[in-house]
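Please read the following walk through a two-chain complex with the sequence and the coordinates open beside it. The account begins inside one chain and ends where the chains meet.

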Amino acid sequence: MEKLSVEEVKHIAHLARIAVTEEEIEKYRVSLAKLFEMIDQIHLIEGYNDDMMFSPCEEEAILRKDEIGDMLKEDEVLLNAPHKNGKFIEVPVMLNE
Amino acid sequence: MSKYIDLSILEIHALYKEKKLTPTMLLDEVFERIEKEKDLNCFITICKEEAYSDAKRLEQEEVRGLLWGIPIAIKDNIVTKNIRTTCASKMLEHFLPIYDATVIEKIKKEGLLIVGKMNMDEFAMGSTSETSYFGPPKNPWNLSFITGGSSGGSAACVAARITPLALGSDTGGSIRQPASYTGIVGMKPTYGRVSRYGLIAFASSLDQIGPMTRTVYENALLLNVIAGHDEKDLTSSTEPVEDFTAFIGKDVQHLKIGIPSYLVSDVVSDEVRCVFENVVSLLKENGNTVELVDISYLEQAVSLYQVIAMGEASSNLARFDGIRYGYRTDNANSVDELYEKTRSEGFGEEVKRRIMVGSSLLSSSKAKIYYDKALSIRDDMRSSFLQAFEKYDLLIAPTTTTKAYSLGQGLDDPLKSFMDDVLVIPANMAGLPALNLPAGFHEQLPIGIQIIGAPFKEATMYQLASFLEEKLALDLEGGVHHDEI
């Protein structure tokens, strides 16, 4: 099994929006490579049909009536926000980025 | 002296009707047992106050259905209004849902009493429940062994007879595999049979909520309550909900039963094979036909599952960004840094690994060669199963390749948690109902078998399961190490 490169791990971590330390990168070079090696076994399969199964659900999607129902209250929306300011959810400054 | 909580649900119901027992009296026993069995670490949150308050309310009304006043434990990835729901993650350690999942609404309406939220693998990712932020639950049969996972807390709770009923969820075997390791009955219903509204999503096309119970009959009773169409879940089925207990107790004589050959290949240990062969002999002796059947692509089912489950997980878990709810890092100067550090600090090792693999598989350069291909083969696999059901009434197989093993044994191997589920994953891939039934023991640890049905054939599965349950007549109380009985 070939280890992933440091750059590959950094790229994947960025796609996943997960910060990684140098030490973690070394671990992921091995553990992610092991997983990808196993996943690559699907390339042993040939001769399959092109129909894709996105979900086992075979029924037509049923839409509910377009009626106004119960709505979330302001305090419910804010209940679990980690940082809030009055009735707003607070985030770091982003305009200067 | 026997406790009321150890009686069957039918017996408890009769006592309720005769007014010889009250829900409060039953809860006293449950909370006493929770305290006594705290070494199992199967609860993340205990809902004592809420449960007693619900019980008092029930006591003001007439006894209703069979599950009225019965205590139940809920896997901690099913949201419960005003009761902390953590998914066994630091990310949701203090998360207080503002609504009830549809299954919770249904069980509350029926008068069941929620006594706690159960330990599990973080975000249901794992096969031993050891990835929990709150430490692993222990197997009641031997405290140094795993419960299996991811619904390990629910399994341990029922196996230790703390509650007669629990809800779990099954994405790649997470109800059936711990049920096998702890000696209880666990059903993953047909995909769409039970609403997923309020189940914190892992892999949406695979996830399904199901009952975990002491007996087959009680399992069917609970499925009766939670099944049915829900307009809040687009994938929930409009298939009518029958009485799942309807065929229980009916004779089983002329069934045609298939065994998918790969599921009894050399991946299975001798101890499990021995238990399984005993069941096959029993079925044949009673006039049923049992033969091997080939189902396509089972050899690669784990790899296919990894692509689909991790791909969907990476998308589903993108919502945990530290903004609207959940953990947020204290150490960020920009929004990008906020996302990346929040997710790095809030998720555990297994979850991060799976999100990273999934993100990579769904990236533009890889999606077609991995994800699209996996979905195509998945379609063929389902067709192969459906073809088998034209000939066979049911399929059977072992549930797990081995019995439960020691805590810590598989922690360093990122593939172990997937290989543990090699026999249970195919039913999720094909959206089929599948049930674990305790079928024997090896070295005082339980071993289960799996019954797999055609879509929406749960009632027939329960018929076969109850027949075997009666014939095997196992003593499953060994998982109870409270000593008062």
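**From the sheet to the interface**

Strand 10 (residues 434–442) of chain B is mostly covered, since seven of its nine residues are buried; a residue is called buried if 20 or more other C-beta atoms, placed from the backbone, lie within 10 Å of its own, exposed if 12 or fewer do, and partly exposed in between. Strands here are DSSP runs of E with at least two residues, helices are runs of H or I with at least four, and both are numbered from the N terminus. The model is a predicted one, in which local features need pLDDT of at least 70 and side-chain atom pairs count only at pLDDT 80 or more, while totals for chains, interfaces and linings use all residues. Residues are numbered from 1 along each chain as its sequence is written, and chains are lettered from A and ligands numbered from 1 in the order in which they are written. Chain B has a mean pLDDT of 96, with 99% of its residues at 70 or more, where pLDDT is the predictor's confidence in each residue on a scale from 0 to 100. For the complex, the predictor gives an ipTM of 0.94 and a pTM of 0.97.

Strand 10 of chain B belongs to an open sheet of eleven strands with mixed pairing, in the order 1-3-2-4-6-5-10-11-9-7-8; two strands are taken to pair if DSSP finds at least two bridges between them. Strand 1 (43–46) and strand 8 (289–293) of chain B stand at the edges with a single partner strand each, so one side of each has no neighbour in the sheet. On average, and with direction ignored, neighbouring strands of this sheet are turned by 30° against each other, the axes being lines fitted to C-alpha atoms, for helices over the stretch in contact, and the angles running from 0 to 180 degrees between N-to-C directions.

On one side, strand 10 of chain B is joined by three bridges to strand 5 (residues 185–188) of chain B, and the two run antiparallel; B:Lys188 stands opposite B:Ala434 there. Strand 10 is also joined to strand 11 (residues 445–453) of chain B, again antiparallel, by eight bridges, and B:Asn436 has B:Gln450 as its bridge partner. These two strands form a hairpin with two residues between them. In that loop sits B:Glu443, whose phi is near 50°, a positive value in a residue other than glycine. B:Glu443 counts as exposed because it has 8 C-beta neighbours inside 10 Å.

Elsewhere in the sheet, strand 4 (residues 165–169) and strand 6 (residues 209–213) of chain B pair in the antiparallel sense over five bridges, with B:Ala166 opposite B:Met212. Helix 5 (residues 152–159) of chain B lies across strands 1, 2, 3, 4 and 6 of chain B and runs at about 160° to strand 4. The loop between strand 3 and helix 5 of chain B holds B:Ser150, and the peptide bond from B:Gly149 to B:Ser150 is cis, with omega near 15°. Another backbone feature is found at B:Cys87, which has a positive phi of about 55° although it is not a glycine; B:Cys87 counts as buried because it has 31 C-beta neighbours inside 10 Å.

Where do the chains meet? In all, 43 residues of chain A are in contact with 56 residues of chain B, contact meaning that the C-beta atoms, placed from the backbone, lie within 7 Å. Helix 2 (22–39) of chain A and helix 1 (6–15) of chain A are the elements that give two or more residues to chain A's side, and helix 2 gives the most, with six.

In helix 1 of chain A, the residues A:Val9, A:Ile12 and A:Ala13 are buried. Seen down the helix axis, the buried residues fall within an arc of 100°, so they line one face of the helix; the arc is that of the directions from the helix axis to the C-beta atoms. They pack against helix 2 of chain A together with helix 11 (349–361) of chain B. Helix 11 of chain B contains B:Ile355, which counts as buried because it has 28 C-beta neighbours inside 10 Å. Leaving aside neighbours within four places in sequence, B:Ile355 is in contact with A:Ala16, A:Ile18, B:Ala313, B:Ser314 and B:Leu317.

Note on methods
Two residues are in contact if their C-beta atoms, placed from the backbone, lie within 7 Å.
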